[in-house]
Amino acid sequence: MMKFLVSFLVLCLFMSAVHGQSCAGYTFSGNAFFPSCTDLPVLNSFLHWNYNQSSNSVQIAFRHIAASSDRWAAWALNPTGTGMMGAQALVAYQKSDGSMVVYTSPITGYATALQQGALSFPVTDLTASFDRNELIIFATLALGNLSSTLNQLWQEGPLSGDAPRMHSLTGPNMQSMGTLNLLSGTTVTHPASAGAVIDDKQRQRNIHGLLNAVGWGTLIPMGAIIARYLKVFESADPAWFYLHITCQISGYIIGVIGGATGLRLGAQSRGITFYAHRAIGIKDHKYRIYWNVYHHSIGYSIIILSIINIFKGLKILNPDQVWKKAYIGVIGSLGVIAVILEVYTWIVVIYRKKNMQGNGNENLNQEIDTGEV
């Protein structure tokens with residue numbers, strides 16, 4: 001117990017130290033000096049610089065703390081816009097053998113693998129270091145005809161086989177951009193306006209997830225529950241059938257619209273493919289054409305595949321936990337209702353069979369007594 005408390009205390013102190021750090025007063029090794037700096041608001045990052053107004057060049061040091069040796073980090077300027085497209089990036093990471101990799105990478109698409117290439121402005125003195133979970137990129141940028149107010153971006157993501165992979169598409173990773181004034185030292189973050197394309201895609205992802213959760217993940221299972229259990233009630237006939245058809249058709253239409261938004265997102269994000277999520281979704285849709293032929297077997301398969309795929313989608317979208325908990329609550333409630341109705345249905349079926357057998361015996365006895373046998 002004491003070891004646990006000590007470990008927890010050390011963790012708390014470490015986290016508070018990370019979040020409490022500031023660029024002011026930081027000392028670089030090798031007598032490097034940067035008179036200006038700013039605490040970047042997300043991703044545990046800081047930017048230090050030394051701006052030469054006469055030559056319109058700037059020496060920068062980008063620091064990313066609480067870093068891991070299996071992740072990359074990057075800092076970029078975008079001379080043509082505020083978002084990712086067109087950004088001119090400096091990328092660095094530590095390879096599995098301990099050596100450092102640092103290079104320039106122009107961002108020409110949203111599915112970039114951060115390929116090495118020349119930037120739209122000269123870069124010299126490009127180096128990087130990784131020590132005590134802190135990654136630092138040093139460089140000198142010749143800004144040419146660019147103004148002293150620049151659009152900056154910074155990012156971090158995972159490595160796979162000593163190669164950068166796609167960063168997270170939610171949370172702080174979508175907020176790491178803003179405006180940097182080299183003269184005044186002021187920075188302004190503007191994730192909301194940082195390229196309407198990113199926000200529009202996030203909105204499309206949310207709509208895609210919501211439509212599929214409602215269509216395939218809720219209405220279709222509800223329709224199946226209604227068809228299986230309500231028809232045992234004589235008073236529910238034929239209302240159960242119309243409710244069943246309403247849920248299935250509504251779920252199908254909403255789900256197809258949700259699937260269409262997913263296909264559109266895939267077309268707009270070439271190079272980014274969630275193979276299992278996409279394969280289940282397309283396979284699921286293909287089988288629905290034969291719904292009338294394989295009613296029950298395919299129907300239940302669709303429900304299972306849809307629920308699995310919705311959880312895969314939630315993992316990809318990574319929304320607030322309340323959305324995942326809400327869907328778990330909905331599907332869990334439907335599951336509990338199905339179990340209760342399943343038990344009740346079997347009770348009704350067994351009761352009716354006994355009554356039918358009893359009535360059959362009574363009719364036979366009556367025939368014997370009247371001599372009709």
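## A walk through the core and its sheet

Let's begin inside this predicted model. Select I60, F62, W75 and L141: in the largest nonpolar core, which has 28 residues, these four touch the most other members. Now colour the elements that give two or more residues to this core: β2, β3, β4 (71-78), β5 (88-94), β7, β8 (134-142) and β9 (149-158). Which element gives the most? That is β8, with four residues.

Next, zoom in on I60 and show its neighbours. Leaving aside residues up to four places away in sequence, I60 touches F34, L47, H48, W49, W75, L90, I137, F138 and A139. You will recognise W75 from your opening selection, as it is one of the four residues that touch the most other core members.

Keep W49 on screen, please. Its bridge partner in β3 is I60. To see the wider setting, select residues 45-52 for strand β2 and residues 57-64 for strand β3; the two pair in the antiparallel sense over eight bridges.

Now step back to view the whole sheet. What is the order of its five strands? Trace β1-β2-β3-β8-β7: this is an open sheet with antiparallel pairing. Select 36-39 for β1 and 123-131 for β7 to find the edge strands, each of which pairs on one side only. Turn the sheet slowly and look for its twist, which averages 15 degrees from one strand to the next.

For the last stop, return to the largest nonpolar core, where I60, F62, W75 and L141 touch the most other members. Apart from that core lies another, made of 15 residues; select A74, A76, Y103 and L114, which are among them.

How values were computed
Residues are numbered from 1 along each chain as its sequence is written. This is a predicted model: local features need pLDDT of at least 70, side-chain atom pairs count only at pLDDT 80 or more; totals for chains, interfaces and linings use all residues. Side-chain values use heavy atoms; hydrogens and water are left out. Two strands pair if DSSP finds at least two bridges between them. Axes are lines fitted to C-alpha atoms, for helices over the stretch in contact, and angles run from 0 to 180 degrees between N-to-C directions. A nonpolar core is a set of buried Ala, Val, Leu, Ile, Met, Phe, Trp, Tyr and Cys residues joined through side-chain atoms within 4.5 Å. Buried means under 20% relative accessible area, exposed over 50%, partly exposed in between (1.4 Å probe, protein chains only). Contact means heavy atoms within 4.5 Å.
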